[in-house]
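Work through the exercises below with the sequence and the coordinates open. Each task is followed by a solution in steps.

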Amino acid sequence: MKIVFATNNPNKLEEAQELLPFFHVVGLKDIGCDEDIPETENTLEGNAKLKAAFVKEKFGVNCFSDDTGLEIETLNGAPGVYSARYAGEPANAEKNMLKLLSDLKNETNRKAQFRTVIALDFEGELLTFEGVCKGHITENKIGEKGFGYDPIFVPEGFNKTFAEMSLAQKSAISHRGKAIKKLVTFLHSLRF
Ligand code: IMP
């Protein structure tokens with residue numbers, strides 16, 4: 001079964017394709033969607049739903065979307081839904097990481113979590129699936145793999161950052177991996 005993942009991020013698409021081997025997962029580019037999909041809500045749930053509904057309405061395809069935020073305990077959950085543009089426009093992963101490291105300078109509580117909400121537009125209903133990965137923020141960037149904040153996030157129970165892990169290792173424990181597994185369980189329950 002073909003399903004569209006409403007993303008232009010090749011890393012995310014690869015992660016989803018690995019976790020959904022029985023589905024033909026394609027990205028926005030593959031369906032000829034090059035529009036800027038609005039992300040105007042102030043919650044991860046709201047934005048994920050907005051993106052999935054937008055694609056379903058415009059392209060009439062089965063679609064899921066995700067929205068992810070990095071929530072820092074000592075910053076009361078910030079940057080959260082604003083993670084992509086934490087250091088301002090245009091979105092830039094390097095600048096975001098440097099700003100976060102600087103905001104947490106001399107801070108001993110470095111607890112953080114990634115939270116992903118996936119929205120699935122299914123038969124006119126919008127269903128959501130959540131995945132959380134707890135961990136902490138490092139003092140410096142470490143590792144070359146992955147994307148976004150990966151070089152400064154160490155998941156709980158590990159002593160290396162996401163950027164030092166293989167895709168398979170990251171997906172087995174990550175926020176998005178957990179949310180996608182819930183999505184897979186749901187799709188399988190429908191006997192897809
Ligand atoms: P979005 O859900 O793609 O809009 O992501 C929001 C922000 O979180 C962006 O800055 C992404 O780079 C970052 N982000 C999303 N998922 C991950 C991840 O798995 N690792 C590191 N950063 C991520």
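## Exercise 1: a threonine in a loop

Task: place Thr 161 in the fold, decide whether Thr 161 is buried or exposed, and find the backbone atom that its side chain reaches.

Solution. The model is a predicted one.
- Step 1. Thr 161 belongs to the loop that runs between strand S7 (153-155) and helix H4 (167-173).
- Step 2. The relative accessibility of Thr 161 is 0%. Buried means under 20%, so Thr 161 counts as buried.
- Step 3. The side chain of Thr 161 reaches the backbone oxygen of Ile 142, at 2.7 Å.

## Exercise 2: the ligand and its shell

Task: describe the residues around the ligand, the polar contacts with its oxygen atoms, and the area that the protein buries.

Solution.
- Step 1. The ligand is surrounded by 13 residues, and the closest are Lys 12, Thr 68, Asp 150, Lys 170 and Arg 176.
- Step 2. Sorted by class, the shell around the ligand holds 5 charged, 4 polar and 4 nonpolar residues.
- Step 3. List the distances to ligand oxygen atoms. For Asp 67, a polar side-chain atom lies 3.4 Å from an oxygen atom of the ligand. For Lys 170, a polar side-chain atom is 2.8 Å from a ligand oxygen atom. For Arg 176, an N or O atom of the side chain is 2.7 Å from an oxygen atom of the ligand. The cut-off for a polar contact is a pair of N or O atoms within 3.5 Å.
- Step 4. The ligand taken alone exposes 480 Å², and the protein buries 89% of that.
- Step 5. The largest pocket is the space taken by the ligand.
- Step 6. Two elements, strand S3 (63-72) and helix H5 (175-189), are those that give two or more residues to the shell around the ligand.

## Exercise 3: two residues of strand S5

Task: compare the settings of Arg 115 and Phe 114, and state for each whether it is buried or exposed.

Solution.
- Step 1. Arg 115 is part of strand S5 (residues 111-122), and Phe 114 lies in strand S5 as well.
- Step 2. Arg 115 has 16% relative accessibility and therefore counts as buried. Phe 114 has 6% relative accessibility, so Phe 114 counts as buried.
- Step 3. The side chain of Arg 115 is joined to that of Glu 71 by a polar contact of 3.0 Å.
- Step 4. Phe 114 and Asp 67 are 47 residues apart along the chain, and their C-alpha atoms are separated by 11 Å. Asp 67 is also a residue with a polar side-chain atom 3.4 Å from a ligand oxygen atom.

## Exercise 4: backbone angles

Task: find the cis peptide bonds at Pro 79 and Pro 90, and the positive phi values at Asn 76 and Asn 106.

Solution.
- Step 1. Most peptide bonds are trans, and most residues other than glycine have a negative phi.
- Step 2. Ala 78 and Pro 79 are joined by a cis peptide bond, with omega about 0°. Pro 79 lies in strand S4 (residues 79-80).
- Step 3. Glu 89 and Pro 90 are joined by a cis peptide bond, with omega about -10°. Pro 90 sits in the loop between S4 and helix H3 (93-103).
- Step 4. Asn 76, in the loop between S3 and S4, has a positive phi near 55°. The relative accessible area of Asn 76 is 76%, so Asn 76 is exposed.
- Step 5. Asn 106, in the loop between H3 and S5, has a positive phi of about 65°. Asn 106 counts as exposed because its relative accessibility is 76%.

## Exercise 5: sequence separation and distance

Task: for Gly 46 with Val 81, and for Asn 42 with Leu 100, set the separation in sequence beside the C-alpha distance.

Solution.
- Step 1. Gly 46 lies in helix H2 (residues 44-59) and is buried, with a relative accessible area of 15%.
- Step 2. Gly 46 and Val 81 are 35 residues apart in sequence, and the C-alpha to C-alpha distance is 9.8 Å.
- Step 3. Asn 42 is in the loop between strand S2 (24-26) and H2, and at 55% relative accessibility Asn 42 counts as exposed.
- Step 4. Asn 42 and Leu 100 are 58 residues apart along the chain, with 20 Å between their C-alpha atoms.

How values were computed
Residues are numbered from 1 along each chain as its sequence is written. This is a predicted model: local features need pLDDT of at least 70, side-chain atom pairs count only at pLDDT 80 or more; totals for chains, interfaces and linings use all residues. Side-chain values use heavy atoms; hydrogens and water are left out. A residue is near a molecule or strand if one of its heavy atoms lies within 4 Å of it. A polar contact is a pair of N or O atoms within 3.5 Å; within protein, one must be able to donate a hydrogen and the other to accept it, and residues adjacent in sequence count only if both atoms are side-chain atoms. Accessible areas come from the Shrake-Rupley method with a 1.4 Å probe; for residues, only the protein chains shown count as cover. On a 1 Å grid over the protein atoms alone, a cavity is a set of points where a 1.4 Å probe fits but cannot get out, and a pocket is an open set with protein on both sides within 12 Å along at least five of seven lines; lining residues have an atom within 4 Å of a point. A molecule sits in a cavity or pocket if more than half of its atoms lie within 2 Å of its grid points. Helices (H or I, at least four residues) and strands (E, at least two) are DSSP runs, numbered from the N terminus. Ala, Val, Leu, Ile, Met, Phe, Trp, Tyr, Cys and Pro count as nonpolar, Asp, Glu, Lys and Arg as charged, and the others, Gly among them, as polar. Buried means under 20% relative accessible area, exposed over 50%, partly exposed in between (1.4 Å probe, protein chains only).
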